Structures are given as C-alpha cells and as structure tokens.
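Trainee: I have not seen this structure before. Could you take me through it by question and answer?

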Amino acid sequence: MSLSELVFPRRCAGCGRAGSVLCPQCRKELGNAPFRVSTTVPTHVPVFAMGMYAGAHRGVILEAKERLNLAVRPYVGAVLRSGLEFLIARGDIEHDTVLVPAPTRKRNARLRGGDPVAEYARSSGFAVCEALRLRSTSADQSELSAAQRRRNLAGAVELVASVPDLPIVVVDDVVTTGATLAASVERLLAAGAQVRAAIAIAAA
Ligand SMILES: [Zn+2]
C-alpha cells in the first residue's frame with residue numbers, strides 16, 4: 001500500500017464507491033466486448049470502442065487523466081488487452097499487432113503524470129511504438145467543432161520514431177469526432193505503416 005492510499009482511502013475509479021481501485025460491477029461493465037464506432041471524420045480504418053463515454057468507462061478515464069489516479073491505469077490496460085484479444089479472436093486484427101498511442105501534447109502529458117494513453121498501451125502487454133507527437137503549436141481540441149478539429153490537426157501530428165513493419169492499431173482514450181485518429185492514421189499511412197484499426201476506451 002502506498003502512502004497516498006493511507007492518506008486517501010481507496011474508492012472505485014469507475015463509480016466512486018469506497019473499497020477498491022475498481023469495484024466488481026465496474027470491472028464487469030469495462031469487460032464488455034468492443035464494438036464498431038462510426039466517426040464524423042473518416043479515419044480510413046475501422047474504429048472500435050470498449051464502451052460509451054458514460055458510467056465506468058467515463059469514470060476511469062477521468063480518474064486516470066484529470067484526477068491523476070495512477071493506480072487505475074494498469075486496470076485500463078487490462079481492459080484494452082481484453083478488447084484487442086476479442087478483435088484478434090474474431091479476425092478483425094492480427095496477433096502480432098503493435099500499438100501506437102494517439103499523440104498528446106508533451107505539456108499535457110507532464111501535467112497528467114505521464115501520458116495515460118501510452119500507459120494503457122504499455123500495460124496491455126502488447127508491443128508499443130510511441131511514434132506520434134502533437135506539435136506544440138496546435139490548439140487545444142476540446143472547444144472545437146469537427147471541421148475545426150480536422151483543420152487544427154492537419155499537419156500537427158508528427159512522426160518521432162520509425163514504425164515497425166507489422167500490423168498497427170492506434171489507441172486513444174476517448175473517440176469523439178475521430179479527428180485525432182484520422183490525423184494519426186493518415187500520418188502513419190503516409191510513412192508506409194500497415195494501419196489496421198483504431199481502438200478507444202470509450203466513444204463519446
Ligand atoms: Zn465501481
């Protein structure tokens with residue numbers, strides 16, 4: 001048990017109930033199979049989500065990202081793993097898939113105790129290539145419309161590492177318009193990467 005857990009008693013990251021990092025009910029909800037999502041912005045590859053941005057899914061994403069709950073991040077990694085294994089079993093993606101986390105701004109990642117999306121990918125047990133970064137000049141996405149997001153992101157995603165010659169799945173925490181995923185997939189495809197799909201923890 002860490003010092004912070006002694007000071008702040010544990011409560012479920014999904015629903016706030018006292019007791020555990022993640023209660024059995026929220027785990028069950030998070031363990032549901034991924035489903036196909038249609039996005040406003042075309043992403044060139046199928047996009048899947050583990051749930052809607054509500055309930056346990058919304059709870060753990062906010063806890064991990066905004067409230068810096070680092071303890072819940074490996075659990076989200078396990079949720080991601082279960083989703084990827086489901087897609088492998090169904091033949092949607094390949095077993096030797098490499099995950100590329102959707103890009104975050106460096107400053108945001110620092111403020112959030114390390115990029116949560118990259119951490120979900122790492123703790124999923126799949127191979128990870130942190131190949132993408134957002135240029136610091138791109139505006140914050142949260143207040144923009146779909147068209148504005150797309151313009152904002154065109155050219156804002158940088159390739160900062162070489163991508164392995166293996167099937168790629170792009171990972172993000174929340175998919176909204178699909179603009180971030182589209183810009184990421186386009187950047188990877190332009191570099192010759194074999195992008196097969198994208199998966200988000202939740203669809204808003
Ligand atoms: Zn719960």
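Trainee: Leaving aside neighbours within four places in sequence, which residues is E94 in contact with?
Mentor: This is a predicted model. E94 sits in the loop between α4 and β3 (98-101). With neighbours within four places in sequence left aside, the contacts of E94 are I88, P167 and R196.

Trainee: Is E94 buried, partly exposed or exposed?
Mentor: Buried needs a relative accessible area under 20%, and exposed needs over 50%. The relative accessible area of E94 is 27%, so this residue is partly exposed.

Trainee: How many Å apart in space are E94 and V169, C-alpha to C-alpha?
Mentor: In sequence, E94 and V169 are separated by 75 residues. In space, their C-alpha to C-alpha distance is 9.6 Å.

Trainee: P167 was one of the contacts of E94. Which residue in β8 does P167 stand opposite?
Mentor: β7 covers residues 167-175 and β8 covers 194-203. These two strands run parallel and are joined by eight bridges. Among the pairs, V171 has I199 as its bridge partner, and V175 has A203. P167 stands opposite Q194.

Trainee: Which helix makes a β-α-β unit with β7 and β8?
Mentor: The unit takes in both of these strands and is right-handed. Its helix spans residues 179-190 and is α8.

Trainee: In what order do the strands of the open sheet lie?
Mentor: β8 also pairs with β2 (residues 47-49), in the parallel sense over three bridges, with A49 as the bridge partner of A200. β3 and β7 pair in the parallel sense too, over four bridges, and V98 stands opposite I168 there. The open sheet has six strands with mixed pairing, in the order β1-β2-β8-β7-β3-β4.

Trainee: Which strands stand at the edges, and why is one side of each left without a neighbour?
Mentor: An edge strand has a single partner strand, so one side is left without a neighbour in the sheet. The strands in that position are β1 (35-37) and β4 (127-128).

Trainee: How many residues of β7 are buried?
Mentor: β8 is mostly covered, with eight of its 10 residues buried. β7 is mostly covered as well. The count for β7 is nine of nine residues.

Trainee: Which element gives the largest share of the largest nonpolar core?
Mentor: This core has 32 residues, and L22, V60, L80, L84, L99 and I199 touch the most other members. Elements that give two or more residues to it are α2 (24-30), α3 (55-65), α4 (73-89), α6 (116-123), β7 and β8. The largest share is five residues, from α4.

Trainee: How many residues are in the other core?
Mentor: It lies apart from the largest nonpolar core. V41, V47, L153 and A183 are among its members. It has 29 residues.

Trainee: Which residues does I199 touch, not counting those up to four places away in sequence?
Mentor: I199 is one of the residues that touch the most other members of the largest core. Its contacts include L80, G83, L84 and L87. The others are F48, M50, V169, V170, V171 and D172.

Trainee: Which elements do the buried residues of α3 pack against?
Mentor: α3 is mostly covered, with nine of its 11 residues buried. Among the buried ones are A56, H57, V60 and K65. The buried residues of α3 pack against α2, α4, α6, β7 and β8.

Trainee: Which residues are the protein donors of the zinc ion?
Mentor: The donor residues are spaced C-x2-C-x7-C-x2-C in sequence. Each gives its SG atom, at 2.3 Å from the zinc ion. The donors are C12, C15, C23 and C26, and of these C23 and C26 are buried.

Trainee: Why does the site of the zinc ion count as tetrahedral?
Mentor: Four donors count as tetrahedral if all angles lie between 85 and 135 degrees. The angles among the four donor atoms here are 105 to 113 degrees. The site is therefore tetrahedral.

Trainee: What percentage of the residues in the protein is buried?
Mentor: The protein has eight helices and eight strands. It has 204 residues, and the buried share is 48%.

Note on methods: Residues are numbered from 1 along each chain as its sequence is written. This is a predicted model: local features need pLDDT of at least 70, side-chain atom pairs count only at pLDDT 80 or more; totals for chains, interfaces and linings use all residues. Side-chain values use heavy atoms; hydrogens and water are left out. Donors are N, O and S atoms within 2.8 Å of the metal (3.2 Å for Na, K and Ca); water is not among the atoms, so sites may look incomplete. Four donors count as tetrahedral if all angles lie between 85 and 135 degrees; four count as square planar and six as octahedral if opposite donors are over 155 degrees apart and all others between 65 and 115; anything else is irregular. Buried means under 20% relative accessible area, exposed over 50%, partly exposed in between (1.4 Å probe, protein chains only). A nonpolar core is a set of buried Ala, Val, Leu, Ile, Met, Phe, Trp, Tyr and Cys residues joined through side-chain atoms within 4.5 Å. Contact means heavy atoms within 4.5 Å. Two strands pair if DSSP finds at least two bridges between them. A crossover is right-handed if, with the strands pointing away from the viewer, the path from the first strand over the helix to the second runs clockwise.
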